[in-house]
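User: I should like to examine the terms used to describe this model, and to see what each of them rests on.

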Amino acid sequence: MSRMLNDRFGNKPKSNKKGCLFLIVGSILALLATGVYVLVVAPLTGAVIESRHGGEVAYALMKWVTPSYGIAMLCFYGILAIWYFTPTAEEVKKQNMGLAPMLNEKRSDDSVSKKTLWLITGGLLAAVVVTGAVAVNNYRLVTHDGIHEYFFVETKSYEWKQVTGYTVDCENDNDGLSITFTMRDGKQYEILQGINSTTEKFDEQYTSVTHFAYDLDQRMVELQVPRNTRHMERAVKLYRDHALWPYVSKLIGYVELVPQPDETAEVTEAPSEEPTEAETPSVSE
């Protein structure tokens, strides 16, 4: 009954939600904030690796950088959601002023103070900062000596002589080549997949992490560590016309099965034809 009267006199109940403009502008700001986060974390990652390991020929695989982008975005859109869907005390008071108690319209008490909203907002922003700190301090360092795990400080390390076997794989076109080393304790480490940050000394010596893996493969041969190659056909198809092919072809053992033309084309000299005894002319005295 009250709804019919409200509709008749043009006094429709007001929604606690903000307008569409608030939602559109808020979404754009959340997206921009995510972009700023990416622009800050990406160079910060390189600065952290260079400051800690600048004197080494090494690169770091950043395990949490990409997931942190998604987490930061969720936090920014979470801030938008609590401000959009949660009514403040001022908004509820304004809404209640338009109610008609005689028509049994109940006052709304579902409100949150702006102080509480700002506290929640601050907590989500703090979560973004913590996420960034974890992202740039959680990585796998690959060096000439071995593999080192870091979470703010070094937590575990292995030397290359502890490797019992390794697998070179190209499981799908999107991820590309992967190399996974198995240690004596059964722990496995992949050294090509994911975002990497290289030191300046590494860039002076190597053109890519695949180039480094090629040198490491030669070391595994010297240590007589067995290699297992999988999905070679996909790797050939993916890298055959790529600049990395000289390294990939060695890593997957392609040149061992299909020698290059310059390896099979050997220059052979025609045998010298010496005259036989019957053909040798006699010298008359």
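User: By class, how many residues in the lining of the largest pocket are nonpolar, polar and charged?

Analyst: The model is a predicted one, in which local features need pLDDT of at least 70 and side-chain atom pairs count only at pLDDT 80 or more, while totals for chains, interfaces and linings use all residues. Ten lining residues are nonpolar and two are polar, with no charged residue. Nonpolar covers Ala, Val, Leu, Ile, Met, Phe, Trp, Tyr, Cys and Pro, charged covers Asp, Glu, Lys and Arg, and the others count as polar, so Gly26 and Thr121 are the polar members.

User: What makes a residue part of the lining of the largest pocket, and which residues are they?

Analyst: A pocket is an open set of points on a 1 Å grid where a 1.4 Å probe fits, with protein on both sides within 12 Å along at least five of seven lines; lining residues have an atom within 4 Å of a point. Phe22, Val25, Gly26, Leu29, Ala30, Ala33, Phe76, Ile79, Leu80, Trp83, Thr121 and Leu125 form the lining here. Helix 2 (20-53), helix 3 (65-85) and helix 5 (114-137) each give two or more of them, and helix 2 has the largest share, with six residues. The space in this pocket is about 230 Å³, a volume filled by probe spheres set on the points.

User: Which helix gives the most to the lining of the second largest pocket, and how is that lining divided by class?

Analyst: Helix 2 again gives the most, with six residues; both helix 2 and helix 5 supply at least two. Eleven of the lining residues are nonpolar, one is polar and none is charged. Among the residues of this lining are Ala33, Phe76 and Leu125, which also line the largest pocket. About 190 Å³ of space lies in the second largest pocket.

User: How do you know on which side of helix 8 the buried residues lie?

Analyst: Met232, Ala235, Val236 and Tyr239 of helix 8 (residues 232-239) are buried (under 20% relative accessible area, with exposed meaning over 50%). They cover an arc of only 100° around the axis, and therefore lie on the same side of helix 8. Glu233 and Lys237, which are exposed, sit on the face turned away from that buried side.

User: Why is strand 5 called largely enclosed by the rest of the structure?

Analyst: Strand 5 (residues 163-169) has five of its seven residues buried, and is therefore largely enclosed.

User: What makes strand 5 and strand 6 a pair?

Analyst: Two strands pair if DSSP finds at least two bridges between them; strand 5 and strand 6 (residues 178-183) are joined by six, so they qualify. They run antiparallel, and glycine 165 stands opposite threonine 182 of strand 6. Strand 5 is also joined to strand 9 (residues 227-229), in parallel, by three bridges, with tyrosine 166 partnered by arginine 227.

User: Why is the pairing in the open sheet of four strands called mixed, and which are its edge strands?

Analyst: The strand order is 7-6-5-9. Strand 5 runs antiparallel to strand 6 but parallel to strand 9, and the pairing is accordingly mixed. Strand 6 and strand 7 are antiparallel over three bridges, and threonine 180 faces glutamate 190 of strand 7. Strand 7 (188-190) and strand 9 are the edge strands, each pairing on one side only.

User: What lies between strand 3 and strand 4 in their hairpin?

Analyst: One residue lies between them, and phenylalanine 152 in the turn has a positive phi of about 70°. Strand 3 (residues 146-151) and strand 4 (residues 153-159) run antiparallel over six bridges, one of which sets glycine 146 against glutamate 159. Residues are numbered from 1 along each chain as its sequence is written, and side-chain values use heavy atoms, with hydrogens and water left out.

Notes. Buried means under 20% relative accessible area, exposed over 50%, partly exposed in between (1.4 Å probe, protein chains only). The arc is that of the directions from the helix axis to the C-beta atoms.
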